[in-house]
Amino acid sequence: MLSIFDWRVKVEYRTNKRTGDRISVIGLGTSYIAETEEKEAIRALEYAYENGINYVGGLNEGKETYTILSEKTA
């Protein structure tokens, strides 16, 4: 069985016209993070970042999600 870590994708970017930042068109949603084991959540975040995904959606997530995100993105 394939896991989410078995795929590869060439990430495309768009430039934010106001800031000039390059933002990946593929983002990582975080609604699952508070519902999974911390080790697996961190693995998903690291994998996404290592493969060029630099947009992480965290709107309306719980305290556990923000704790994991802040530790891994600091």
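A polar contact is a pair of N or O atoms within 3.5 Å, and within protein one of the two must be able to donate a hydrogen and the other to accept it. In this predicted model, such a pair is found where a polar atom of the Ser24 side chain lies 2.8 Å from the backbone oxygen of Ile26. The chain around this pair has 74 residues, of which 24% count as buried, and it contains two helices and four strands. The points below go from the whole chain to single residues.

**The chain as a whole**

- Read from the N terminus, the order of the elements is β-β-β-α-β-α, and these letters stand for the four strands and two helices of the chain.
- When contacts between residues at least 6 apart in sequence are considered, 62% of them join residues that are at least 24 apart.
- The chain exposes about 5,900 Å² of surface, and carbon and sulfur atoms supply 51% of that area.

**Ser24 and its surroundings**

- Ser24 belongs to strand β2, which covers residues 22-24.
- Ser24 counts as buried because its relative accessible area is 5%, and the cut-off for buried is under 20%.
- If residues up to four places away in sequence are not counted, Ser24 touches Val11, Glu12, Tyr13, Gly52, Ile53, Asn54 and Tyr55.

**Helix α1**

- Helix α1 consists of 13 residues, from 38 to 50, and its span of 18 Å from the first C-alpha to the last is close to the 18 Å expected at 1.5 Å a residue.
- The buried residues of α1 include Ala41, Ile42, Ala44 and Leu45, together with Tyr47 and Ala48.
- After α1 comes Gly52, a residue whose phi is positive, with a value near 95°.

**The largest nonpolar core**

- In soluble globular proteins, nonpolar side chains tend to be buried together.
- In this chain, the largest nonpolar core is made of seven residues, namely Val11, Leu28, Ile33, Ala41, Leu45, Ala48 and Ile53.
- Helix α1 gives the most to this core, with three residues.
- One of the core residues is Leu45, which lies in helix α1 and counts as buried because its relative accessibility is 9%.
- Although Leu45 and Val56 are 11 residues apart in sequence, the distance between them in space is 8.6 Å from C-alpha to C-alpha.
- Leu28, another member of the core, is in contact with Ala44, Leu45, Ala48, Ile53, Tyr55, Val56 and Gly57, once its neighbours within four places in sequence are left aside.

**Salt bridges**

- Side chains of opposite charge can pair when their charged atoms come close.
- The chain has two salt bridges, counted where a side-chain nitrogen of Lys or Arg is within 4 Å of a carboxyl oxygen of Asp or Glu.
- One salt bridge joins the side chains of Glu12 and Arg14, with 3.6 Å from N to O, and Glu12 is partly exposed, having a relative accessible area of 49%.
- Another salt bridge is formed by Glu40 with Arg43, whose closest N and O atoms are 4.0 Å apart.
- Glu40 and Arg43 are three residues apart in helix α1, so about one helical turn separates them.
- Both partners of this bridge are partly exposed, since Glu40 has a relative accessible area of 35% and Arg43 has one of 43%.

Methods
Residues numbered from 1 in each chain as written. Predicted model: local features only at pLDDT ≥ 70, side-chain atom pairs only at ≥ 80, totals over all residues. Heavy atoms only, no water. Buried < 20%, exposed > 50% of the residue type's maximum accessible area, 1.4 Å probe, protein only. Contact = heavy atoms within 4.5 Å. Areas by Shrake-Rupley, 256 points an atom, 1.4 Å probe, with all protein chains shown as cover. Expected span 1.5 Å × (residues − 1). Core = buried A, V, L, I, M, F, W, Y, C linked by side-chain atoms within 4.5 Å.
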